[in-house]
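Student: Could you take me through one part of this model at close range? I would like to hear about the aromatic residues first, and then how the rest of the interior is laid out around them.

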Amino acid sequence: MEITNAHLPASDRFGFWADLVSDQLARMRITSPIASRDFVARAALTQAGPVRVAWFRSPPAHLSRTWADVRADDPGTYQLMLVTGAPLWIEQRRQESGLVHGVLAMFDLSEPFRGSVPDRGHDTEVIIAQIPHDVLPLPVDRARRALAVPMAASGVGGVLVDLMTSIRTHGADCAPQELERMGRMAADLAGAVIARQSDACRQLPAQTRQDVMRARILSFIDVNLADPRLGPAAVAGFHHLSLRALHTLFRQQDGVTVAALIRRRRLERCREDLADPRLDALPVAAIGARWGMGHPQGFSRAFRMMFGVAPGEYRRAARTGKHLRTGR
């Protein structure tokens, strides 16, 4: 759900926002150099199993949380955030992040902290994974080594950011069990990001390490679907795995081969393109080639096997509004 204070009188907007942040994160003091002016802010919240993804966009503000606040209200959660828009800084456990932007940073609501968005004439934007202490697959002492320390939003961090963004964007269309799975995956990825920062990768459970590797591989496959050279050997080589280890990882969790997974994802992209009227100038065979399926007959046969109709028939039905029952 998305929440905004834009509909309120200007004099009530900051107070509404301060109460909202304290309610959705934890009790804290919030001030702003423009509190008495046009303080318009927005937030969106999605619960994904044990993890909640929160998105905030707001003007400059200063936040502080004391031990008295912690004793009165301790949700026991880490806040792992990606910062865009105006930069911000956080300070916790005598560690200061400096101004951060385009990177991940974390603070713990079970201890005091300070944070600030300096007034640079524009809003800041953050997306946060709120992860309970007992869900993050790392001991608390290890996790706290990463507090107020900038962490790269690339590699595993980039996969985590993509997942957080997807939960925020598409979460409302997902079933509860799907959100549960995505939330657990987000916690595992967060554990991997933090473990790398705090040199604690060996303390991650074996299952978590496997889940993180699988998420990295899926991201690699999605990025490279258009490359006709993409196949199990290329995937294994890039991730320094044997073919046997790669196939074992996916058979255990998905019950499918990597080749079948790549084919399925390519066909799903083809189906999306065939339904897009902006691509009508592209022949059906070119749609297949666009996603690494360069043999027209093989593409047509695979599409029919997966969706029950030929690609050309699917495209025509999409234009006429005729409903076709596809999928197996």
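**Aromatic pairs, core and empty space**

Tutor: Happy to! Let us begin with Phe 303 and Phe 307, which both sit in helix H11 (residues 296-307), four residues apart, or about one turn of the helix. Please keep in mind throughout that this is a predicted model. The rings of Phe 303 and Phe 307 form a tilted aromatic pair, with 4.7 Å from centre to centre and 55° between the planes. The angle is neither under 30 degrees, which would count as stacked, nor over 60, which would count as edge-to-face, so the pair falls into the tilted class. Phe 303 has a relative accessible area of 0%, so it counts as buried. Phe 307 is at 2%, and therefore buried as well. These two rings have company: Phe 299, Phe 303, Phe 307 and Tyr 314 make up one aromatic cluster.

Across the whole structure, a search turns up six aromatic pairs. One of them joins Trp 17 and Phe 56 in an edge-to-face arrangement, 5.9 Å centre to centre with 85° between the planes. This pair ties together distant parts of the chain, since Trp 17 belongs to helix H1 (residues 10-24) and Phe 56 to strand S4 (residues 51-58), 39 residues apart. Both Trp 17 and Phe 56 are buried. Another aromatic ring has a charged partner: Arg 168 lies over the face of Trp 55, at 4.0 Å from the ring centre.

Now for the nonpolar interior. In soluble globular proteins, nonpolar side chains tend to be buried together. Here the largest nonpolar core has 36 residues, and those with the most contacts inside it are Met 106, Ile 131, Leu 136, Met 151 and Leu 160. Strands and helices both take part: S4, strand S6 (77-85), strand S9 (104-108), strand S11 (124-132), H4 and H5 each give two or more residues to this core. H5 contributes the most, with 10 residues.

Next comes the enclosed space. Rolling a probe the size of a water molecule over the atoms shows where empty space is left. The structure holds one cavity of 30 Å³ or more, and the largest cavity has a volume of about 320 Å³. It is lined by 21 residues, of which Leu 25, Leu 63, Leu 88, Val 117 and Val 126 are the closest to its centre. H1, S4, strand S5 (61-65), strand S7 (89-92), strand S10 (113-117) and S11 each give two or more residues to this lining. S10 gives the most, with four residues. Sorted by class, the cavity lining has 16 nonpolar, four polar and one charged residues.

The open space has its own character. The largest pocket has a volume of about 840 Å³. Among its 23 lining residues, Leu 163, Met 182, Leu 218, Asp 222 and Arg 265 are the closest to the centre. Helix H4 (156-170), helix H5 (176-198), helix H6 (206-223) and helix H9 (258-274) each supply at least two lining residues. H9 accounts for the largest share, six residues. The pocket lining divides into nine nonpolar, three polar and 11 charged residues. H4 and H5 thus have two roles to follow on screen: they give residues to the largest nonpolar core and also to the lining of the largest pocket.

Finally, two backbone details deserve a look. Ala 148 has phi near 55°, a positive value in a residue other than glycine. Ala 148 sits in the loop between helix H3 (140-143) and H4, and it counts as buried because its relative accessibility is 0%. His 240 also has phi near 55°, again a positive value in a residue other than glycine. His 240 belongs to the loop between helix H7 (232-238) and H8, and with a relative accessible area of 74% it is exposed. In helix H8 (residues 243-254) you will find Ala 245, which is partly exposed at 35% relative accessible area. Ala 245 lies 52 residues from Val 193 in sequence and 23 Å from it in space, C-alpha to C-alpha.

How values were computed:
Residues are numbered from 1 along each chain as its sequence is written. This is a predicted model: local features need pLDDT of at least 70, side-chain atom pairs count only at pLDDT 80 or more; totals for chains, interfaces and linings use all residues. Side-chain values use heavy atoms; hydrogens and water are left out. On a 1 Å grid over the protein atoms alone, a cavity is a set of points where a 1.4 Å probe fits but cannot get out, and a pocket is an open set with protein on both sides within 12 Å along at least five of seven lines; lining residues have an atom within 4 Å of a point. Grid points are joined across faces, edges and corners, and a volume is the space filled by probe spheres set on the points. Ala, Val, Leu, Ile, Met, Phe, Trp, Tyr, Cys and Pro count as nonpolar, Asp, Glu, Lys and Arg as charged, and the others, Gly among them, as polar. Rings of Phe, Tyr and Trp (its six-membered ring) pair if their centres lie within 6.5 Å; planes under 30 degrees apart count as stacked, over 60 as edge-to-face and the rest as tilted. Buried means under 20% relative accessible area, exposed over 50%, partly exposed in between (1.4 Å probe, protein chains only). A charge sits over a ring if NZ of Lys or CZ of Arg is within 6 Å of the ring centre and within 35 degrees of the ring normal. A nonpolar core is a set of buried Ala, Val, Leu, Ile, Met, Phe, Trp, Tyr and Cys residues joined through side-chain atoms within 4.5 Å.
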